[in-house]
Amino acid sequence: MAFKKIIDSKKLLASLAVFMLLGTNVLMAQTVTADAAAKPGVNWLSVGYYVLLFVLISIAIGVVGKILRVYDLSQQIQGKKGTNWNNIMGTICLIFMVVGLSAAFWDITEQGSMTLPEAASKHGVKIDAMFLTTTCITLFVFVITQILLFSFLFRYKHSDKRRAYFLPHNNTIEKVWTIIPAIVLTVLVIFGFFTWQEVENSSPVKGDINIDVTGHQFAWEIRYAGPDGILGKKDFRLTAGANKLGIDFKDKNSMDDLQADTLVLPVNKVIRLNIFAQDVIHSVYMPHFRVQQNAVPGLPTFFKFTPTITTEEMRRKVDDPKFEYLLYCNKICGSSHYNMQRVVRVVTEGEYNQWLAKQKPYLTPALRTELKLAAADQKKSITQNRLALNN
Ligand SMILES: [Cu+2]
């Protein structure tokens, strides 16, 4: 038989192995040169290689199928029973179930710990509890349904000895599989609704620490309130020159506002991040605090959270003296998106106040000159002097 010859041919197998090996070598070499030259573009050789590989594998599967079909037909001609495909398919289903469930188990045990780091905020713990509850419920349903699906496929595969039971409709089953998921989903949604409501509580509370975070291509600008504890107004139309955030200095509260390079947060205090964007959509993302909120141009957003673990404590927990919390941008916002991060440091209240006292004011002398604030101040003092003289 010609097909048998092809399958048995050591030459064919050897040439396939050489093809794969050579192809991989050529691709590797190409990747290295591409890296060295740093030339972007489509690697057409690798595209061609994989297309060819796909075609070869498809042909191989087709050949095996044809051989089996010929074998079946020859058995039938001889009056023998052909291959029992129902048995083979049923067994494949069982194998698929065992392999699939083992892979899912491996995935959870091996990769499970690579998901999110320990929650370092109050609501983060609640979000994790929600995640865990949802995962447990869906995992339970997943395992039960997969076992039922594949074992039924095996157990009730076609047999000439029995007829399939015809079940057109059953109200009880319909009710059970509608009501149970409805109750479970309602509980999960309500749980999530209350947690999210806590985060999105927009009413200003006295004592909350307001910090402005503004995203632009490609950095985050951080503004703290000065000694008055109030952030001054902003107006995007005032964005020019050194006034890169468009702070409105007609508002007295703006005068003492501070700018910082690091997002320093006091532990166990409610932080309200006021989030802005100046060009495209960015996203404030701090995985340890379970914080993520889009920064949308023209639409200020905010996120309220309470950090619970200081950087020092976290360093001890993860056994890494260099550990830092980070604020990332989580929207692919342009070519240097990857570079858009700031260090976040959680400290005690005393350390926070000390740090805050050292921060530079947003209103630098250069900005003062640019805005002619100095001149205005001088004029004011001259007028006051004159008034004093006149009196
Ligand atoms: Cu960004």
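**Exercise 1. A helix out in the open**

Work out how many of the 27 residues of helix α4 are buried, and how the helix's reach compares with what is expected.

*Solution.*
- Step 1: Start with the cover. Helix α4 is hardly covered, with a buried count of zero among its 27 residues.
- Step 2: Now locate it. This predicted model has α4 at residues 85-111.
- Step 3: Check the length. From first C-alpha to last, α4 reaches 37 Å, close to the 39 Å expected at 1.5 Å a residue.
- Step 4: Look at the record. UniProt, in an unreviewed entry, places the feature "transmembrane region" at residues 44-68, 88-109, 129-155 and 176-196.
- Step 5: Try two of those stretches. Residues 44-68 are 100% helix and 0% strand, with end C-alpha atoms 36 Å apart. Residues 129-155 are also 100% helix and 0% strand, and there the end C-alpha atoms are 38 Å apart.

**Exercise 2. How far to trust it**

Find which element of the chain has the lowest mean pLDDT and which has the highest.

*Solution.*
- Step 1: Take the whole chain first. Its mean pLDDT is 83, and 88% of the residues reach 70 or more.
- Step 2: Go element by element; there are 10 helices and 11 strands to look through. Helix α10 (residues 373-390) comes out lowest, with a mean of 46, and strand β6 (residues 282-286) highest, with 94.
- Step 3: Zoom in on the weak stretch. Over residues 377-391 pLDDT stays under 50, and the model has zero contacts there beyond four places in sequence.
- Step 4: Draw the lesson. Where pLDDT is low, don't read the predicted coordinates in detail.

**Exercise 3. Strand β1 and its partners**

Say which strands pair with β1, and in which sense each pair runs.

*Solution.*
- Step 1: Find β1 at residues 209-216; it is mostly covered, with six of its eight residues buried.
- Step 2: Take the parallel partner. That is β5 (residues 271-277), joined to β1 over seven bridges. Here T214 has F276 in β5 as its bridge partner.
- Step 3: Take the antiparallel partner. That is β2 (residues 219-224), with six bridges to β1. I211 is matched with Y224 in β2.
- Step 4: Inspect the turn. A hairpin of two residues links β1 to β2. F218 is in this loop, and a cis peptide bond, with omega of about 5 degrees, joins Q217 to F218.
- Step 5: Follow β2 to a neighbour from elsewhere. A260, in strand β3 (residues 258-260), touches I222, Y224 and Q359, leaving aside residues up to four places away in sequence. Its C-alpha is 7.6 Å from that of E221, although the two residues are 39 apart along the chain.
- Step 6: Classify A260. It has 18 other C-beta atoms within 10 Å, so it is partly exposed.

**Exercise 4. A five-stranded sheet**

Put the strands of the open sheet in order and explain why one side of β4 and of β7 has no neighbour in the sheet.

*Solution.*
- Step 1: Write the order: β4-β10-β9-β6-β7, with mixed pairing.
- Step 2: Check the ends. β4 (263-266) and β7 (291-295) are the edge strands, each with a single partner, so one side of each is left without a neighbour in the sheet.
- Step 3: Add the twist, which averages 20 degrees from one strand to the next.
- Step 4: Examine one pair. β6 and β9 (residues 325-329) run antiparallel over two bridges, and Y285 has Y328 in β9 as its bridge partner.
- Step 5: Place the helix. α8 (residues 349-357) lies across β4 and β10, at about 140 degrees to β4.

**Exercise 5. Two positive phi angles**

For R290 and D319, decide which is buried and which is exposed.

*Solution.*
- Step 1: Locate them. R290 is in the loop between β6 and β7, while D319 is in the loop between α7 (311-318) and β9.
- Step 2: Read the angles. R290 has a positive phi of about 55 degrees although it isn't a glycine. D319, another residue other than glycine, has a positive phi near 55 degrees.
- Step 3: Count neighbours within 10 Å. R290 has 22 other C-beta atoms there, so it is buried. D319 has 7, so it counts as exposed.

Notes: Residues numbered from 1 in each chain as written. Predicted model: local features only at pLDDT ≥ 70, side-chain atom pairs only at ≥ 80, totals over all residues. pLDDT = per-residue confidence, 0-100. Helix = DSSP H or I, 4+ residues; strand = E, 2+ residues; numbered from the N terminus. Contact = placed C-beta atoms within 7 Å. Pairing = 2+ DSSP bridges. Axes fitted to C-alpha atoms, helices over the stretch in contact; angles between N-to-C directions. Expected span 1.5 Å × (residues − 1). Buried ≥ 20, exposed ≤ 12 C-beta atoms within 10 Å, placed from the backbone. UniProt positions renumbered as here; feature names shortened; annotations may be inferred.
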